[in-house]
Amino acid sequence: MSEFINFLLQFGNLSQQEIQLIKDKAKNLELEKGDYFWETGRNSKYVGFLVEGILRVYNDNDKGDEITHYFVEKNHWLSDWDNPDKSSTPIANLQAITNCSFIVFLKKDWNGILQSVSGLNDIIQKIIIRHKSEKLERRSSLIARNTTERYLSFIKHYPNMVNRIPLSYVASYLGMKQPSLSRVRKSIR
């Protein structure tokens, strides 16, 4: 829980009473590799903070192929960015690709916390802006690059991930097939 509180405090101030309210509503959640935090077509009931592990955000395309959009590492806030206090159906899957630990809140509890803790909404908005900016920077660095440059950019932005996740997910994220990724990896060794 301390990781989450310290994370929040990077973006604003909270009183001890406000921190205690947040702690009182928090729950721990563990997901095993392959489990889902959110699934398309199912209402999401939690918002939360990834304490440990790696998640991927993906959709199925019209051919049934899984397309990985981005990866989420520890110390990341997870909420429906456009509608964080409502129960909604996610438009993408959020799947654990390693075992993961979270601090989570039921959406109705989180909505109550946002109403009770005056500066928390501003803190969360700052976090969301940072996450969106990081995501945009990572995706932008892949546009108009050849396969080798895309892979090198991936290694730069996700240095601790490349040996922890399936290469098929990396290839999908980079917009290539797995045999192409294998050739790229072999050529830069």
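These are my notebook entries on salt bridges, aromatic rings, one helix and the nonpolar cores of a predicted model.

**Entry 1. Salt bridges**

I began with charged pairs, since side chains of opposite charge can pair when their charged atoms come close. The structure holds 4 salt bridges, and I looked up three pairs, one after another.

I first noted E39 and R42, whose side chains meet in a salt bridge at 3.7 Å, N to O. I then checked how far each partner is covered. E39 is partly exposed at 28% relative accessible area, whereas R42 is exposed at 54%.

I next took D109 and K108, which also form a salt bridge, with an N to O distance of 3.7 Å. Which partner is buried and which is exposed? D109 has a relative accessible area of 15% and is buried; K108 has 62% and is exposed. I reasoned from the cut-offs here: D109 counts as buried because buried means under 20%, and exposed means over 50%.

The third pair I recorded is E134 with R130, where the closest N and O atoms are 3.4 Å apart. Both residues belong to helix α4, which spans residues 120–140, and they stand 4 residues apart, about one turn of the helix. This spacing is worth a remark, because an α-helix has 3.6 residues a turn, so residues three or four places apart point the same way. E134 is partly exposed, with a relative accessible area of 29%, and R130 is likewise partly exposed, with a value of 29%.

**Entry 2. Aromatic rings**

I then turned to the rings and found a count of 16 aromatic pairs. I examined Y158 and Y173: their ring centres are 5.9 Å apart and their planes lie at 80°, so the pair is edge-to-face. The pair links distant parts of the chain, with Y158 in the loop between α5 (147–157) and α6 (167–174), and Y173 in helix α6, 15 residues apart. I found both Y158 and Y173 to be buried.

I also listed one aromatic cluster, formed by F4, F7, F11, F49, W77, F105 and W110.

**Entry 3. R56 and Y169**

Which rings does the charged end of R56 sit over? I found Y58, with the charged end 3.8 Å from the ring centre, and Y169, again with the charged end 3.8 Å from the ring centre.

I followed up Y169, which lies in helix α6. Y169 counts as buried at 18% relative accessibility. Setting aside neighbours within four places in sequence, I recorded its contacts as R56, E66, T68, F71, Q95 and I97. I also looked up the spacing of Y169 and L152: these residues are 17 apart along the chain, and their C-alpha atoms are separated by 15 Å.

**Entry 4. Helix α7**

I asked which residues of helix α7 (residues 178–188) are buried, and obtained L181, V184 and R185. They cover an arc of only 95° around the axis, which puts them on the same side of α7. The face turned away from this buried side carries the exposed residues P179, R183, K186 and S187. I then looked up what the buried residues of α7 pack against, and found α5 and α6.

**Entry 5. Nonpolar cores**

The largest nonpolar core has 34 residues, and those touching the most other members are F37, L55, F71, L78, F102 and F154. Its largest share, 5 residues, comes from α6. I also noted a second, separate core of 23 residues, which includes V47, W77, I103 and I124. W77, a member of this second core, also appears in the aromatic cluster of Entry 2.

From the largest core I selected L55 and looked up its contacts. Not counting residues up to four places away in sequence, L55 touches L50, Y70, F71, V72, L78, L94, Q95, A96, I97, C100 and F102. I compared this with the Y169 entry and noted that the contacts of Y169 also include F71, Q95 and I97.

**Entry 6. G112**

I closed with G112, which lies in helix α3, residues 107–116. At 30% relative accessibility, G112 counts as partly exposed. How far apart are the C-alpha atoms of G112 and K25? I found a separation of 9.7 Å, although the two residues are 87 apart along the chain.

How values were computed. Residues are numbered from 1 along each chain as its sequence is written. This is a predicted model: local features need pLDDT of at least 70, side-chain atom pairs count only at pLDDT 80 or more; totals for chains, interfaces and linings use all residues. Side-chain values use heavy atoms; hydrogens and water are left out. Buried means under 20% relative accessible area, exposed over 50%, partly exposed in between (1.4 Å probe, protein chains only). Helices (H or I, at least four residues) and strands (E, at least two) are DSSP runs, numbered from the N terminus. Rings of Phe, Tyr and Trp (its six-membered ring) pair if their centres lie within 6.5 Å; planes under 30 degrees apart count as stacked, over 60 as edge-to-face and the rest as tilted. A charge sits over a ring if NZ of Lys or CZ of Arg is within 6 Å of the ring centre and within 35 degrees of the ring normal. The arc is that of the directions from the helix axis to the C-beta atoms. Contact means heavy atoms within 4.5 Å. A nonpolar core is a set of buried Ala, Val, Leu, Ile, Met, Phe, Trp, Tyr and Cys residues joined through side-chain atoms within 4.5 Å.
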